[in-house]
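Colleague: I would like a close look at one part of this model. Please take me through its largest pocket, then go on to what else is worth finding on the screen.

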Amino acid sequence: MNRKLEQYLQDHTTPEDPVLEELFRQTHIRFVNPNMATGHLQGKFLEFISLMIKPENILEIGTFTGYSAICLAKGLKPGGKLITIEINDELNSFSHSYFCRAGVESMITQITGNALDVIPQIDLMFDLVFIDGDKREYTEYFRLIIDKVKPGGFILADNVLWGGKVLDNETSDTQTKGVIEFNEMIIKERNLEIVILSVRDGLMLMRKKV
Ligand SMILES: C[S@@+](CC[C@H](N)C(=O)[O-])C[C@H]1O[C@@H](n2cnc3c(N)ncnc32)[C@H](O)[C@@H]1O
């Protein structure tokens with residue numbers, strides 16, 4: 001999207017929460033690959049999705065600095081909780097400090113570890129799952145979470161267009177291959193309804209029918 005149009009979208013979206021604005025700024029100052037953070041427009045969209053679903057339980061794979069976790073937590077039912085898993089333990093204190101500043105820390109359980117090991121140990125059913133970890137592992141995350149999603153529940157997967165590289169079937173890039181494999185697997189799932197939105201890097205919304 002061209003910059004002017006992007007600016008127009010920003011100008012016609014509710015201004016960013018000051019805590020998220022600061023989180024985003026500090027993420028860019030202090031961490032490598034800061035573009036992994038969700039950011040204002042998609043963050044607001046995630047917040048709206050969560051507010052519409054009013055989930056009791058949310059699972060997030062890939063916390064990074066906590067931007068999307070804060071957005072999603074805002075839509076939780078009173079007493080609801082969000083579990084977020086992050087493999088990189090160096091990010092924990094940063095994201096936790098922003099969960100506190102955003103006033104959502106009591107709703108969020110941070111787990112440090114590999115989601116592939118952690119998910120099988122979670123004994124909970126989810127209304128909403130946000131897949132945003134390693135692109136090479138998307139299919140494995142899906143296989144691990146699908147039986148933990150309530151009937152009628154939702155799954156979101158980020159970066160499913162992967163900068164447009166999903167069109168390159170000949171690619172040798174393992175992350176692109178991971179995303180392509182995931183998209184091809186999902187479209188064959190009979191128990192899902194699916195829509196891909198071209199928001200940011202492509203956001204897939206899935207609904208588990210029964
Ligand atoms: C795209 S970032 C997440 C961005 C975050 N959801 C947001 O929107 O602000 C992906 C994160 O997933 C983490 N990650 C990668 N593989 C993982 C795994 N197997 N288990 C848990 N976290 C993982 C990475 O360390 C990275 O912080």
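Modeller: I start with that pocket, then turn to a second pocket, the salt bridges and two single residues.

This is a predicted model, so to speak a calculation, in which local features need pLDDT of at least 70 and side-chain atom pairs count only at pLDDT 80 or more, while totals for chains, interfaces and linings use all residues. Residues are numbered from 1 along each chain as its sequence is written, and side-chain values use heavy atoms, with hydrogens and water left out.

Now the pocket. Rolling a probe the size of a water molecule over the atoms shows where empty space is left. A pocket is an open set of points on a 1 Å grid over the protein atoms alone, where a 1.4 Å probe fits and protein lies on both sides within 12 Å along at least five of seven lines. Lining residues have an atom within 4 Å of a point. The largest pocket holds about 860 Å³ of space; this volume is what probe spheres set on the points fill, with points joined across faces, edges and corners. Its lining has 40 residues. Find Met36, Phe64, Glu86, Asp132 and Gly133, which are the closest to its centre. Next, colour α4 (67–73), β2 (81–86) and α5 (92–101). These are the elements that give two or more residues to the lining. Helices (H or I, at least four residues) and strands (E, at least two) are DSSP runs, numbered from the N terminus.

What classes of residue line the largest pocket? The lining has 14 nonpolar, 15 polar and 11 charged residues. Here Ala, Val, Leu, Ile, Met, Phe, Trp, Tyr, Cys and Pro count as nonpolar, Asp, Glu, Lys and Arg as charged, and the others, Gly among them, as polar.

Stay with Phe64. Phe64 is one of the residues closest to the centre of the largest pocket. It sits in the loop between β1 and α4. Phe64 has a positive phi, near 50 degrees, and is not a glycine. Phe64 counts as buried because its relative accessibility is 10%. Buried means under 20% relative accessible area, exposed means over 50%, and partly exposed lies in between (1.4 Å probe, protein chains only).

Move on to the second largest pocket. Its volume is about 510 Å³. Of its 18 lining residues, Glu6, Leu41, Gln42, Val199 and Arg200 are the closest to its centre. Both α1 (3–11) and α3 (40–53) supply at least two residues of this lining. The largest share, 4 residues, comes from α3. By class, the lining splits into 8 nonpolar, 8 polar and 2 charged residues.

Follow the chain beyond α3. Lys54 lies in the loop between α3 and β1. Lys54 also has a positive phi, about 50 degrees, although it is not a glycine. Lys54 counts as exposed because its relative accessibility is 51%.

Now the charged pairs. A salt bridge is a side-chain nitrogen of Lys or Arg within 4 Å of a carboxyl oxygen of Asp or Glu. The structure holds 9 of them. One of these joins Lys74 to Asp17, with the closest N and O atoms 3.0 Å apart. Lys74 is in the loop between α4 and β2, and Asp17 is in the loop between α1 and α2 (18–30), so the pair links distant parts of the chain, 57 residues apart. At 28% relative accessible area, Lys74 is partly exposed. At 27%, Asp17 is partly exposed too.

Next, a network. Salt bridges link Glu56, Asp127 and Lys150. Lys150 meets Glu56 at 3.3 Å, N to O. Lys150 is in strand β5 (residues 149–158) and Glu56 in the loop between α3 and β1 (57–61), 94 residues apart. Lys150 is partly exposed, at 22%. Glu56 is partly exposed, at 39%. Lys150 also meets Asp127, at 3.0 Å, N to O. Asp127 is in strand β4 (residues 126–131), 23 residues from Lys150. Is Asp127 buried or exposed? Asp127 counts as buried, because its relative accessibility is 15%.

Last, find Met204 in strand β7 (residues 203–208). Met204 counts as buried, at 2% relative accessibility. Lys177 is 27 residues away along the chain, and the two C-alpha atoms are 17 Å apart.
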